[in-house]
Amino acid sequence: MSAESSLPECGVARFIVLLDGPWATLIVRELLRGPHRFTQLRDALPGISPHTLTSRLRQFERHGIVVRTAYPEIPPRVEYRLTPLGEGLREVLDAMAAWAVEVPDGGPTVTA
């Protein structure tokens, strides 16, 4: 990593740092469907803690993957959506999904 950046120079390592852990990828998957409010994301991801969701969204915002929009309403409304950079992850997740369905499940093999 360079002294000026907290991200590695290697593209694969950078990807892993940015999308560290299963929640990050699943958050992106949900946001690829369109803008979401915090509670909508939390409800779509059973088991995620509010702390983890907040942390991931802030990291994505810092790196230009997500934009947070606060509307001046009462009660306040905040939405998260992917930036064009974040939308670029659609092809990556589609490729991951296509690859994953080809992987055998590791269950017992049937022999004739």
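Start by selecting helix α2, residues 21–31, in this predicted model. The helix lies across β1, β2 and β3, and its direction makes an angle of about 100 degrees with β3. Keep α2 on screen while you colour the strands underneath.

**The sheet**

Now show the three strands as a cartoon. They make an open sheet in the order β1-β3-β2, with antiparallel pairing. At the edges sit β1 and β2 (66–71), each of which pairs on one side only.

Pick β2 and β3 next. They run antiparallel and are joined by six bridges. Follow the chain from one to the other and you trace a hairpin, with five residues between the two strands. For a single rung to zoom in on, try V66: its bridge partner in β3 is L82.

Then move over to β1. How many bridges pair β1 with β3? Two, again in the antiparallel sense, with β3 covering residues 77–82. Select R37 and look across to β3, where E79 stands opposite.

**Stop at H36**

Stay in β1, which spans residues 36–37, and click on H36. Is H36 buried or exposed? Its relative accessibility is 12%, so it counts as buried, the cut-off being under 20%.

Display what surrounds H36. Leaving aside residues up to four places away in sequence, H36 touches E30, L31, L41, V78, E79 and Y80. Two of these names tie back to earlier stops: L31 falls in the residue range of α2, and E79 is the residue opposite R37. Now turn on the backbone of G34: its oxygen lies 2.7 Å from a polar atom of the H36 side chain.

For a distance check, draw a line from H36 to E73. The pair is 37 residues apart in sequence, and the C-alpha atoms are 16 Å apart in space.

**Zoom out**

Finally, show the whole chain. You should find six helices and three strands, arranged along the sequence as α-α-β-α-α-β-β-α-α. Orient the view along the principal axes and the C-alpha atoms fill a box of roughly 65 × 40 × 25 Å. The radius of gyration is 17 Å, whereas a compact globule of 112 residues would come in near 13 Å.

Switch on a surface to finish. The accessible area is about 7700 Å², with 58% belonging to carbon and sulfur atoms. Of the 112 residues, 29% count as buried. Among contacts with a separation of 6 or more, 45% come from residues 24 or more positions apart.

Terms used. Residues numbered from 1 in each chain as written. Predicted model: local features only at pLDDT ≥ 70, side-chain atom pairs only at ≥ 80, totals over all residues. Heavy atoms only, no water. Helix = DSSP H or I, 4+ residues; strand = E, 2+ residues; numbered from the N terminus. Buried < 20%, exposed > 50% of the residue type's maximum accessible area, 1.4 Å probe, protein only. Contact = heavy atoms within 4.5 Å. Polar contact = N/O pair within 3.5 Å; in protein donor to acceptor, adjacent residues only side chain to side chain. Pairing = 2+ DSSP bridges. Axes fitted to C-alpha atoms, helices over the stretch in contact; angles between N-to-C directions. Rg over C-alpha atoms; globule rule 2.2 N^0.38 Å. Areas by Shrake-Rupley, 256 points an atom, 1.4 Å probe, with all protein chains shown as cover.
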